[in-house]
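The following note sets out some points on the structure shown below. They pass from the chain as a whole to its aromatic pairs and then to a single residue.

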Amino acid sequence: AAGVRVASPTPLYDGTLKASAGCLGGQTTYRGDTAGNQAWLLYQFDTTATDASWQFRINMSSDTSAERSGMAVDDARVRYFVSPAPTVTADPAQTIERLWTEPFNWSPKGTVSASDDVVIDGMFGAPTIVPLLNAAGDCLSLKVGDSAASTLDLTGSFNLTVGGALTIGTSGTIDGTGDTSTLFVAGGWSRNGSGTFTAGATTVELNGSGTLSQLVSGTMTGANAFNGLRVNRTSGSGGVSLEANLAATGAFTMPAANVATLNFVGSSSLTMTVTGAATLSGGTLTMDTSGASQDLLDLNGGLSLGGSFSMTTSVTGGEIRVAGAWSDSGTTGTIDPTGGTITLDPAGAGTYSIDTKVSTRFNHLTLNGGVNGAIFNPELGLLVDGNMTVSGGTFSFDDTVGTTQATLTHTVSGSFTQSGGL
């Protein structure tokens with residue numbers, strides 16, 4: 001059943017949380033056993049010592065009126081995770097790990113369901129709360145570490161489906177170290193302050209539906225970068241909006257089934273960097289920032305375009321930089337990035353094809369062979385509405401088809417600048 005879930009010590013205890021000063025987490029309480037050690041409680045309990053190791057018996061039918069973070073304990077949708085120590089310890093700073101699937105770890109007692117808002121939040125000075133996702137899980141929303149050190153441990157490679165927003169608070173951590181799970185998130189993704197996301201080998205899929213757009217906020221670069229990132233909204237008119245810099249060290253995918261638009265919406269220029277391969281087969285890319293301060297989509301692992309993926313006239317003032325070849329001949333969408341710049345910037349020497357459809361139009365096109373001596377080889381005549389720049393490397397005006405040399409016509413409406421070979 002849905003409800004507020006707060007962890008109790010272990011399944012061998014029956015009982016419920018008592019409020020301290022009318023507020024969950026308002027008081028850290030501990031009591032020594034016969035050996036002089038301390039058993040830490042994250043919350044005030046109504047307890048009775050039953051043996052020398054100081055186990056607890058708690059009356060589960062008592063107080064349900066306390067509040068935490070402005071949400072009542074008996075709220076039908078909110079579950080809190082806490083984790084008092086199940087064993088005696090002299091170390092109040094210990095990390096206490098609990099299983100996601102254990103009913104006694106949530107208040108009220110029970111398992112988390114897709115209709116629950118999940119809050120994982122500790123208390124200043126108390127042991128760090130570390131629930132372990134030990135099976136595939138579902139929840140309505142997820143908030144980790146708003147007020148005190150709290151970690152959701154994904155180790156175990158089980159998928160987690162969040163039907164709404166996922167928030168990593170300033171004291172929160174989602175740790176995917178050594179994990180290959182997928183986080184399915186249908187709402188916004190937010191990392192606040194010094195909150196931490198350690199991606200490991202995980203994949204985050206943004207898969208909302210309907211008219212509500214998903215906002216990705218809080219810088220997701222460096223140690224907080226995603227591994228795999230997938231935009232896969234298969235229905236509805238809502239899109240995915242980036243308002244902070246973002247990096248993915250693994251693959252970036254917009255599958256054929258995706259119908260959503262990925263939009264750069266920050267008030268200043270944004271950069272999205274992808275180290276792995278980028279495969280864009282569905283949906284649309286837009287970049288809103290115009291003028292000298294441009295958004296940048298930096299695809300260091302190369303780009304594969306296909307399906308119905310489109311880049312349209314809404315790509316204004318942005319740059320897409322691809323470390324490799326360009327091929328859109330397999331797409332049914334529109335490749336017409338008016339106002340933007342496509343830059344092919346290979347990392348090494350070799351021949352890189354520019355394989356376009358007859359209808360493909362570039363606004364500005366930059367071919368940067370640099371010191372690598374790259375050769376750019378068009379498969380069809382290029383249509384460039386703006387400026388074309390060949391900076392290093394070699395641009396081949398002609399294309400070899402089989403054993404026949406095909407002469408191509410390239411149309412550049414703006415300036416043509418060449419500092420490499422032709």
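1. The surface exposed by the chain comes to about 16,100 Å², and carbon and sulfur atoms supply 50% of that area. The model is a predicted one, and this area should be read accordingly. Of the 422 residues in the chain, 50% are buried.

2. In secondary structure, the chain has 42 strands and zero helices. Among contacts in the chain with a separation of 6 or more, 61% are between residues 24 or more positions apart.

3. How many aromatic pairs does a search of the whole structure find? The search gives five. One of them joins W326 and F362 in an edge-to-face arrangement, with 5.7 Å from centre to centre and 65° between the planes. W326 belongs to strand β33 (residues 326–327), whereas F362 sits in the loop between β35 (351–355) and β36 (364–378); the pair therefore ties together parts that are 36 residues apart in sequence. Both W326 and F362 are buried.

4. Y352 and F376 form a further aromatic pair, this one tilted, at 6.5 Å centre to centre and with 40° between the planes. Because Y352 lies in strand β35 and F376 in strand β36, this pair ties together parts that are 24 residues apart in sequence. Y352 has a relative accessible area of 16% and is therefore buried, the cut-off for that class being under 20%. F376, with a relative accessible area of 0%, is buried as well.

5. An aromatic cluster is also present: W189, F197 and F226 make up one such group.

6. N227 merits a separate comment. Where does N227 lie? Its place is the loop between β20 (214–217) and β21 (228–231). Despite this loop position, N227 counts as buried, because its relative accessibility is 18% and the limit for a buried residue is under 20%.

7. What does the side chain of N227 reach at 3.0 Å? The partner is the backbone oxygen of T202. T202 is also among the residues that N227 touches when those up to four places away in sequence are not counted. That list includes A199, G200 and A201 alongside T202, and it further holds A248, T249, G250 and A251.

Definitions and conventions: Residues numbered from 1 in each chain as written. Predicted model: local features only at pLDDT ≥ 70, side-chain atom pairs only at ≥ 80, totals over all residues. Heavy atoms only, no water. Helix = DSSP H or I, 4+ residues; strand = E, 2+ residues; numbered from the N terminus. Buried < 20%, exposed > 50% of the residue type's maximum accessible area, 1.4 Å probe, protein only. Polar contact = N/O pair within 3.5 Å; in protein donor to acceptor, adjacent residues only side chain to side chain. Contact = heavy atoms within 4.5 Å. Areas by Shrake-Rupley, 256 points an atom, 1.4 Å probe, with all protein chains shown as cover. Phe/Tyr/Trp six-rings, centres within 6.5 Å; stacked < 30°, edge-to-face > 60°.
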